[in-house]
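Welcome, and please load the model in your viewer. We will go from one selection to the next, with a short look at each stop.

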Amino acid sequence: MTDMTSPPPNSHRDSSAVTARAESRWATFAIAILVLIVVLAVIGGIRHSTLPQYQVETIDPSMLHISGEFVESNLGSAVESDGSVTVRIVAQQYSFTPQCILVPAATLIVFRATSADAIHGFLIEGSNINSMLVPGYVSSLPARFDQPGEHLMPCHEFCGVGHQAMWATVKVIDKAEFFKMSANRRRLACVD
Ligand code: CUA
């Protein structure tokens, strides 16, 4: 009759020790992989959240009114040689310039906008435009309006005490009428 309380033979003890060592090595290896994945995810996340958007355009917000693309005389709608329209907008506490934007229907419109001070929201109701305007960066967004009409353009990012009063209007007019008006003016806005 076998004595159940007696220790296992040496060979059995050795093999359990080998198994335990192997298990602990594999456990260490698996944990190391998990730690590596977590570290990579954290590094990637921090890097992604601290970098500006891909294909970013930068601009000096303190120079907007003095020189470059966003000087006051260059704001509003301009017809490009390919027939598209570029609209340049500056947001500042607490208004957009221009306050009323004039664009043609059924035309590719490229909105180029930036902020002179705080982060502002840039949203045109009834369109695909929904972005932020960050000082130091240019937001360039394409849009197309099928029909003439008026669209509200509210700032939808809290930017200070006057935030809720900050909005502009986008007036979409007939394409032929717009291009007739643009023939004698370099930049268009609703009130000229
Ligand atoms: Cu600008 Cu809110």
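Two strands count as paired if DSSP finds at least two bridges between them. Keep in mind along the way that this is a predicted model.

**Stop 1: a sheet of three strands**

Select strand E5 (100–104), strand E10 (149–154) and strand E11 (residues 167–173). Together they form an open sheet in the order E5-E11-E10, and the pairing is mixed. E5 and E10 are the edge strands, each pairing on one side only. If you look along the sheet, neighbouring strands are turned by 25° against each other on average, direction ignored.

Now zoom in on E10 and E11, which run antiparallel and are joined by 6 bridges. Which residue in E11 is the bridge partner of His151? Label Val170 and you have the partner.

Next, add helix H2 (residues 175–182) to the selection. H2 packs on the sheet and touches E5 and E11, and the direction of H2 makes about 110° with that of E5.

**Stop 2: a hairpin**

Move to strand E7 (residues 120–123) and show the side chains. In a regular strand, side chains alternate between the two faces of the sheet. Are the residues on the two sides of E7 buried or exposed? His120 and Phe122 lie on one side, Gly121 and Leu123 on the other, and all of them are buried, so both faces of the strand are covered.

Bring in strand E8 (residues 130–133), which runs antiparallel to E7 and is joined to E7 by 4 bridges. His120 stands opposite Leu133 of E8. The hairpin has 6 residues between its two strands, and Gly126 takes a positive phi near 75°.

**Stop 3: a salt-bridge network**

How many salt bridges does a search of the whole structure find? The count is 3. To see the residues, select Glu57, Glu69, Arg88 and Arg112, which are linked in a network of salt bridges. Side chains of opposite charge can pair when their charged atoms come close.

Start with Glu57 and Arg112, whose closest N and O atoms are 2.7 Å apart in their salt bridge. This pair links distant parts of the chain: Glu57 sits in strand E1 (residues 57–58) and Arg112 in strand E6 (residues 109–115), 55 residues apart. Arg112 is buried, with a relative accessible area of 12%, while Glu57 counts as partly exposed at 33% relative accessibility.

Step on from Arg112 to Glu69: their side chains meet in a salt bridge of 2.6 Å, N to O. Here too distant parts of the chain are linked, with Glu69 in the loop between E1 and E2 and Arg112 in E6, 43 residues apart. Glu69 counts as partly exposed, at 24% relative accessibility.

Finish the network with Arg88, which forms a salt bridge with Glu69, the closest N and O atoms being 2.6 Å apart. Because Arg88 lies in strand E3 (residues 85–92) and Glu69 in the loop between E1 and strand E2 (76–79), the pair ties together parts that are 19 residues apart in sequence. At 12% relative accessibility, Arg88 counts as buried.

**Stop 4: a nonpolar patch**

For the last selection, turn on the surface and pick Trp26, Phe29, Ile33, Leu34 and Ile37. These residues make a nonpolar surface patch of about 560 Å². Trp26 is found in helix H1 (residues 10–50). Why does Trp26 count as exposed? The relative accessibility of Trp26 is 59%, and exposed means over 50%.

Technical notes
Residues numbered from 1 in each chain as written. Predicted model: local features only at pLDDT ≥ 70, side-chain atom pairs only at ≥ 80, totals over all residues. Heavy atoms only, no water. Axes fitted to C-alpha atoms, helices over the stretch in contact; angles between N-to-C directions. Contact = heavy atoms within 4.5 Å. Buried < 20%, exposed > 50% of the residue type's maximum accessible area, 1.4 Å probe, protein only. Patch = residues over 30% accessible without salt bridge, like charges linked within 9 Å, V, L, I, M, F, W, Y side chains within 5 Å. Areas by Shrake-Rupley, 256 points an atom, 1.4 Å probe, with all protein chains shown as cover. Salt bridge = Lys/Arg side-chain N within 4 Å of Asp/Glu carboxyl O.
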